[in-house]
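Student: Hi! Could we go through this model together? I'd like to chat about a few spots in it.

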Amino acid sequence: MPHLNMVQAINQALAQEMERDDRVVLLGEDIGKDGGVFRVTEGLWERFGAERVIDTPLSESGIVGTAIGMAAYGLRPVPEIQFLGFAYAALDQIFTHAARIRNRSRGRYSCPMVIRTPYGGGIKAPELHEESSEALFCHMPGIKVVVPSGPYHAKGLLLQALRDPDPVLFLEPTRLYRMIREEVPEGEYTIPLGKARVVREGKQVTVVSWGSMLERVLKAVGPEAEVIDLMTLSPFDAETVLASVRKTGRAVVVQEAPKTGGFGAEIVATIAEEAILYLRGPVLRVAAPDVTMPLPKLIDAYLPTMDHISNAVQEVLRY
Amino acid sequence: MPHLNMVQAINQALAQEMERDDRVVLLGEDIGKDGGVFRVTEGLWERFGAERVIDTPLSESGIVGTAIGMAAYGLRPVPEIQFLGFAYAALDQIFTHAARIRNRSRGRYSCPMVIRTPYGGGIKAPELHEESSEALFCHMPGIKVVVPSGPYHAKGLLLQALRDPDPVLFLEPTRLYRMIREEVPEGEYTIPLGKARVVREGKQVTVVSWGSMLERVLKAVGPEAEVIDLMTLSPFDAETVLASVRKTGRAVVVQEAPKTGGFGAEIVATIAEEAILYLRGPVLRVAAPDVTMPLPKLIDAYLPTMDHISNAVQEVLRY
Amino acid sequence: MPQEILATFNVRRLSILDPDGNVDEALMPELPDAELRRMYEMMVLLRTYDNRALALQREGRLGTYPPSFGQEAAQIGSAFALKPTDWVFPSFREVGIHLTLGYPIAQLYQYWAGDERGQRGPDHLNIFPFCVSVGTHLPHAVGAALAARYRKDPVAVAVFFGDGATSKGDFHEAFNMAGALNAPVVFVCQNNQWAISIPVREQTAAATLAQKAFGYGFEGIQVDGNDVLAVYRGVKEALDRARDGGGPTFVECLTYRMADHTTADDAARYRPPEEVASWRERDPLLRLERFLARRGLWDEAYRNQVQEQVQQTVDAGVRAMEEIPPPERSDLFTYTAAAPTPRQAAQLEES
Amino acid sequence: MPQEILATFNVRRLSILDPDGNVDEALMPELPDAELRRMYEMMVLLRTYDNRALALQREGRLGTYPPSFGQEAAQIGSAFALKPTDWVFPSFREVGIHLTLGYPIAQLYQYWAGDERGQRGPDHLNIFPFCVSVGTHLPHAVGAALAARYRKDPVAVAVFFGDGATSKGDFHEAFNMAGALNAPVVFVCQNNQWAISIPVREQTAAATLAQKAFGYGFEGIQVDGNDVLAVYRGVKEALDRARDGGGPTFVECLTYRMADHTTADDAARYRPPEEVASWRERDPLLRLERFLARRGLWDEAYRNQVQEQVQQTVDAGVRAMEEIPPPERSDLFTYTAAAPTPRQAAQLEES
Amino acid sequence: EAEPEAVPTAPREPLATPSVRKKARELGISLYGIRGSGPHGSITHEDLEGAQPAAAAPHPLAED
Ligand SMILES: Cc1ncc(C[n+]2csc(CCOP(=O)(O)OP(=O)(O)O)c2C)c(N)n1
Ligand SMILES: Cc1ncc(C[n+]2csc(CCOP(=O)(O)OP(=O)(O)O)c2C)c(N)n1
Ligand SMILES: [Mg+2]
Ligand SMILES: [Mg+2]
Ligand SMILES: [Mg+2]
């Protein structure tokens, strides 16, 4: 099996699904001739043509809005937003329309599309290139949110997302794009949405994470920790988390985003609602501080570190 | 003291602050000659002129963006978004700019403005007129979120918000606009932001709520409950909540929004992190289901009811 | 040449039928008498439907309702220009389109009564749900148009919106995307000159809306929106061009909102009664009556017959609407997604 | 008249200085020799600053950097048209403005090295921070312009952006708001013909960007963006008009991005070398040199002297930048809001 | 990391996590009088081990 990085794995998933299903079309800024600013769509314009790999004007809202119309017509568009920080302009289209068209039309129309976007910090890029605002999307019924934590899962989750009947936001942790190489089967395979995975079993504390933080978690914690990769944030797999917490009695949630109102809050709240009688101590969150995301010189002081993670784990183990 | 409803109280606060501070200017759709679709700005155009009460084109992003420029120049603009459901188009301006200009310019520029918008359900209005998406804003460092639960607090909180050095989202629960009348002092008074209030003391369970749900909470719960009105959601007054929970050992959080990822999750997570040793049982959330907000025929089946609230309270009291 | 003129643009205005009912024969579209009469019948239907909506709203049987009074020609003329395979993206004030295309009246009322199920149109109609968030549906039309072209379907897409919508960023991004990608889409603006209390001259400093198209590299034209023949011709030419690969067109129908914005509005607060009165004289229905009368296609007897017929149709629609059982709580959960999440499933079970 | 012409718009193009350095004297702005030379010096400074930025980036001392090569005239000409009391809203590729206005070079480099503190400009400069989110700063300029007018300050506002920005909804909403409210703002587009890999002809179907102004009811003009005199004149007239209550103007500076989009880009992937080469001949600096030489204001000695001087200025800026101590973790917390929240305060105390 | 607040004053109520409270309930043990050895003086599962069921107090929280 070839060793691929996440850029290659995503590229392969897109190419395979485009080959298999002519409803799949890509659109976005610089995804065609340039192959995408991270080269994720490299070679696809040459292979599938400008009708299926559409270079668009610079207009995030228009890109998503156009994709919505394509999806309603019966295609399976894959809009790319160049960086998550520029998706804020498309939130209206996502919240008002993509997430609601099935309901608004009582099933007459639907919106099967995958919004792909690089996300997360640690790449030393300009402002708004390192946002981690997944929580915004997880509060909106009607849209799924998927975050792979490595090449293998990126490919399988993306193939599944591309076949989902409803809109999926597919957040690609930019820091991992070329950091991790994994064996990735050449053929098609899918990983179900809405299911978390236990990456490492442990007995004393459950550590829940996703995306690029997972890599830090795995380095920071010892065998005492059961590590869960959520993979899908919306809808998230509460059962896997709760089953683990019921076993370990302790939990730490690690998110990259600012603490307050992040998706970690939902995990903790769910535990507090449904597994509290098993808890031996506080459920702690490891997160960025509640400040504006800084430029590169301070990004390392902002993002949660392995120390933060292991300190939190040690703290809950005191109970 | 005159008995005012919330529309009148807000109108009075705006008028008084405009009188006191010529930096305050209003802008939005239909706020001038028409006096606002809920009459909140009635009479202000006549009194302060079209230069200070600006009827704008239909463009929510442009309204907020224009206000940002005004604020940077030294004014204290008060953009109105006609309904919160149309503020999604302005999220980019709010998240990318209003919330960050102070930081981006390292204090050289700031963005003192109050975005006012009717919000919440139960008014039997068309689609997107009853959204309750406050949680989206509470995850963004740099912007405050304030929700009054009645006329008296609306006036005092709004006057304070108008004097805040940073951007404030002021969410006006539409269902309460004309429902509650209270004694409202004619003169100026302010209520600090970032402080919750204990509306009713109780010993056995803490019920946390805000905005239009508070009215239902107060009707649904008995003297066993300590009822907290958050008033400011961002930054929220964790201390008041925690102190109460440490006393009662039980908590229920009532929000109008869909459950998952709502602001209630943050409250519960904070309790689970910081008051777990005092908790006797689960912390429950009462919330709307995780579905697309319906049209009027189903709105009553969607919004949390007094029954939901009292059932949750009874449930936690079992522990 | 230091101060060169790089290009020149003319804003054209098309009108065919004058207020007295005379037509410019050179521009008169080819329409059989039966079609001309059907146009009239649909305009009467729309007005009757609207009047009944207001009555139902007053009785508490409908929610907030935005009537089309004054805009009948702009809507019906556009609808006649459509082919059944074309796709339509309406805003919230073009029920004239729905009626012409045969959307069930009961479902239209059902929607305005606050029941989402009214939005599920018949499967053979390619009409999108009403869009309440002003102007945000324009990009969808562009996307559908690109999809149709990709599928090589001989389809054009028409999207309808008001003058207020022209101020939204979505208008711009959709227009620009359509131009850049040469999408087979026709943008039809119902310029009724008001967006709630904002007159179009405060909505934009542009003297016409049609000229906005020039910024996107395609044609914009103003048509007399109270002239059903001009609207028909303008929209039809644009749709034909779109189907032929000629790209997008913007058609501004200049008309007038004769009533309040909605039943929740009081237009007397912000606009002079004289203005409203002056437009009452330009009523598109009267104008078409005069034209048909000149052609010998209209007389009192015919009018009475149409009105009676239409009244029955509307009555039947109202009855059918009122027979629809109310939605169930479980309906909340059916269409948020194709399949419920575990948490949604649990919430459905609760209370 | 059934097919009336309602209005006609001409897209004008202004150029003064031809590639050989000849000027159209009728259009030549009044500029003392010293100012002409200062224009040249600033253009050399910008180019030198840019070259150094690329070198620093290669050495890992700066982050991703977007150079201005080829756009010196479009930037410096605009900056010269500004009065000190005017307000400026830049995008991320107009450091020529900053340099002309006297923004400290050390802080510019500091910013591009990834240090937010570079954005705190001197208090006497009314220049907003760089805006990375393309086009989203346009409404801010409109707001500042309205605020200035409200304050009766004799101030105009200039906002700078690229061709790609013209596709954003914010462009539209800002332009329309400015037109509708007659704001004293000048929109200056640096049309360098590329938005990363998207050429302007794919960005929009409009043949010129200038014509986009017509849709908003105000004037749009294209100027030769490699002609510093035309840029100066076009922008100055627009600013004067704004200060005089004449409302907004759109000035399209047609220029060319001679380098990669940024240091992270490789333009050879998507554009032909011939195109780049053809623009090298139209280098705005060469053109100004020729003009100055004809006026007896330029010779090799002068050039060498300018280059040396500018080199020293840039060197000093780099040295000053490198002497700035790195930011502290506590700096994260200083400016999210005027005062920290209790939770922020606690987070500041932690690790 | 977020440290549970130090106990401001002597607690009216013994400190214990919900799981300890649950076990105490199941065992019929009153938390009063048990010396907590956990963080902030909280009663741990181990602390419950030596404790005797309180015959007279069917519900440890009955004082409310
Ligand atoms: C994005 C958005 N903003 C505000 C509103 C509230 N609103 C409803 S209709 C309307 C005016 C629309 O004017 P126009 O586009 O001219 O359509 P008309 O009502 O005249 O048919 C407004 C402001 C809305 N529905 N959507
Ligand atoms: C809203 C937004 N979308 C995407 C990007 C990524 N991006 C940075 S520059 C750029 C192209 C900008 O082109 P243009 O406006 O012509 O300015 P230029 O770079 O040519 O100066 C893009 C797509 C961004 N910064 N902001
Ligand atoms: Mg209108
Ligand atoms: Mg460009
Ligand atoms: Mg490259």
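Student: Which residues of chain A does the UniProt domain annotation cover?

Tutor: Happy to help, and keep in mind that this is a predicted model. The unreviewed UniProt entry annotates residues 4–179 of chain A as "domain: Transketolase-like pyrimidine-binding".

Student: How much helix and strand is there over residues 4–179 of chain A?

Tutor: That stretch is 36% helix and 16% strand. Its end C-alpha atoms lie 10 Å apart.

Student: Switching to the copies: what turn lays chain D on chain C?

Tutor: A turn of 180 degrees, with a shift of 0.0 Å along the axis, and the RMSD is 0.0 Å. The two copies are therefore related as by a two-fold rotation axis.

Student: And what about the contact residues of chain D, how many recur in chain C?

Tutor: 100% of them recur, so the same surface serves both copies.

Student: Which residue of chain D comes closest to the rotation axis?

Tutor: That's G169(D), with its C-alpha at 1.8 Å from the axis.

Student: Let's look at helix packing in chain D. At what angle do α1 and α11 cross?

Tutor: Helix α1 (residues 33–58) and helix α11 (residues 300–323) of chain D cross at roughly 45 degrees, and their axes come within 9 Å. That angle makes α1(D) oblique to α11(D).

Student: Is the crossing left-handed or right-handed?

Tutor: α1(D) passes α11(D) in a right-handed crossing.

Student: Nice. Which residues make the contact?

Tutor: On α1(D), they include Y40(D), V44(D), L45(D) and R52(D). On α11(D), V306(D), V310(D), V314(D) and M321(D) are among them. By class, the contact has eleven nonpolar, four polar and five charged residues.

Student: New topic, backbone oddities. Is the peptide bond from S234(A) to P235(A) cis or trans?

Tutor: The bond from S234(A) to P235(A) is cis, with omega near -5 degrees. P235(A) sits in the loop between β12 (232–234) and α9 (238–248) of chain A.

Student: What joins S234(B) and P235(B)?

Tutor: A cis peptide bond, with omega about 0 degrees. P235(B) is found in the loop between β12 (232–234) and α9 (238–248) of chain B.

Student: One more: what is phi of K124(A)?

Tutor: Phi of K124(A) is near 55 degrees, a positive value in a residue other than glycine. K124(A) lies in the loop between β5 (114–119) and α6 (134–138) of chain A.

Student: Why bring these up?

Tutor: Because most residues other than glycine have a negative phi, and most peptide bonds are trans.

Key. Residues are numbered from 1 along each chain as its sequence is written. Chains are lettered from A and ligands numbered from 1 in the order in which they are written. This is a predicted model: local features need pLDDT of at least 70, side-chain atom pairs count only at pLDDT 80 or more; totals for chains, interfaces and linings use all residues. Side-chain values use heavy atoms; hydrogens and water are left out. UniProt positions are given in the numbering used here, feature names are shortened, and annotations may be inferred rather than shown by experiment. Helices (H or I, at least four residues) and strands (E, at least two) are DSSP runs, numbered from the N terminus. Copies are superposed by least squares on the C-alpha atoms of residues with pLDDT of at least 70 in both. Contact means heavy atoms within 4.5 Å. Axes are lines fitted to C-alpha atoms, for helices over the stretch in contact, and angles run from 0 to 180 degrees between N-to-C directions. Angles under 35 degrees count as roughly parallel, over 145 as roughly antiparallel, 65 to 115 as roughly perpendicular and the rest as oblique. A crossing is left-handed if the near helix is turned anticlockwise from the far one by less than a right angle, and right-handed if clockwise. Ala, Val, Leu, Ile, Met, Phe, Trp, Tyr, Cys and Pro count as nonpolar, Asp, Glu, Lys and Arg as charged, and the others, Gly among them, as polar.
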